[in-house]
Amino acid sequence: MNKKLMAVAVAGALTAPGLAVAQVGGSPGVSLYGRLDTAVMIQKFSTDGSGAIPELKKNDIFSPGNALGVRGREDLGGGTAAWFQLESGVWPDGRLDSAATSGQHFGGRNSAVGFSSAGGDVLFGIWDSPYKVAYGTANLVTSGGFASSGIIMGNGDTTGALPNAQCTNTVSNGSGSVTVGANGVCVTESSGNNASWSRRNNNSIQYWSPVFSGVQFKLATALANYQSADSSPTASGVQKPKYYSGNVTYARGPLALAAGYESHVGFRPGSTAAGTANPKDNALQIGAKWDFGLGQVGAGYEQLKYNDNGSPGGAGANAGQGGMKVPSAVVNGRINAGPGAVWASYSKSQGGKSCTTANMTINNAACGVQAKMTVVGYDYVMSKRTKMFAAYAKIDNGWNGTVGSNYYYIAGPAAQGNAVGRGTSGALIAGTDVTTFSLGIQHSF
């Protein structure tokens, strides 16, 4: 395979939304790469929807999406090559949480072993889903963790193995050990959220096609790496999680297009109605970007569909949630200004539609409750690898008098938590609006 074409295909596939990474293709050898993105954040949390938690103001040093990695490639002859990538999260502010301590083993972010040939690439490891990668076409926000993907779009971001109802997946910050679930069944990795669509999945197998006239497609699945010790982990049957993800992208000249589809089976096992152990949820998105020379504009739309897994009221983590649709959209843009660029983004979720149960919630989304996120910022480019940025962001979470949405930033910083530990918990109380001012610096190498 022509080396230049292979480099374009593989490097494009390795680019996750909001994270600039180096190229895998090219000369054989091993290289070090990374990105540090750290900012001073001044935040204001409104009272929650029910008025139970007072307004809170606090400051933080936030380091979103930072990474340190090594990658290498070896030509095997006949147009075939083997490559690897090991990438781990890093925290310049010294954060001590599961995301940081998981670095006891190097990896945890996009890490895999793969093979390249004229027919494309195949990889095995932990990697962003093709559906998640498709967000990158419409997304033009690359500073401070303010991109809509994984926040409003996708109903959250998550990393881990396919969901397992039998495992608590409690990871010790001190030792990295995993607490075994009540039924004595667990996986070696913590499982990901069962309702989010911006996913990085353990045990992934992916295929990336070559680029033909600007068109490329990617396909992925992941293996459920456990065997149930109980024939009925839910009251309605055996949980059998399955995952399939794919995208098609086009990039040529000033125009870029993307479409993504993903299917989850058995991610949200129900326990109160027969036949709800393995409900099928699916998501569809489209996105576009146009480069007009002085800047870029992008837009995306998606619809998440959670099928009925039984009415709420069951016991424990396997209680049914019901089903609903969640449509969301984003528009954003960048325009060159002085030594940098002004950028802005507006994303909105219509809230849950066609709900099978009134006032139900799934992850951050609530039935009939809208949520929106507005961001405005400026990048001051200091060099090819370094820039400073300033940003204003506002997340408006809705409340209908009973339930509300609770969309929040990926990986923190900690929200207002609860009435006792205000500011110490990563959770955001439903119906809370969040206003953020941020001043930061980003360096890639």
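**Exercise 1.** State which residue of strand 17 stands opposite asparagine 336, and describe how strand 16 and strand 17 are joined.

*Solution.* Step 1: asparagine 336 stands opposite alanine 341 in strand 17. The model is predicted, with local features requiring pLDDT of at least 70 and side-chain atom pairs pLDDT 80 or more, while totals for chains, interfaces and linings use all residues. Residues are numbered from 1 along each chain as its sequence is written, and side-chain values use heavy atoms, without hydrogens and water.

Step 2: strand 17 covers residues 340–349 and runs antiparallel to strand 16, with ten bridges joining them. Strands are DSSP runs of E with at least two residues, helices are runs of H or I with at least four, and both are numbered from the N terminus. Pairing requires at least two DSSP bridges between two strands.

Step 3: the two strands form a hairpin with two residues between them, and glycine 338 in the turn has a positive phi of about 65°.

**Exercise 2.** Describe the pairing of strand 16 with strand 15.

*Solution.* Step 1: twelve bridges connect strand 15 and strand 16 in the antiparallel sense.

Step 2: within this pair, arginine 334 in strand 16 lies opposite glutamine 296.

**Exercise 3.** Identify the elements that each supply at least two residues to the lining of the largest cavity, and give the classes of its lining residues.

*Solution.* Step 1: the elements are helix 3 (130–138), strand 14 (280–291), strand 15 (295–306) and strand 16 (324–337).

Step 2: the lining has seven nonpolar (Ala, Val, Leu, Ile, Met, Phe, Trp, Tyr, Cys, Pro), seven polar (the others, Gly among them) and no charged residues (Asp, Glu, Lys, Arg).
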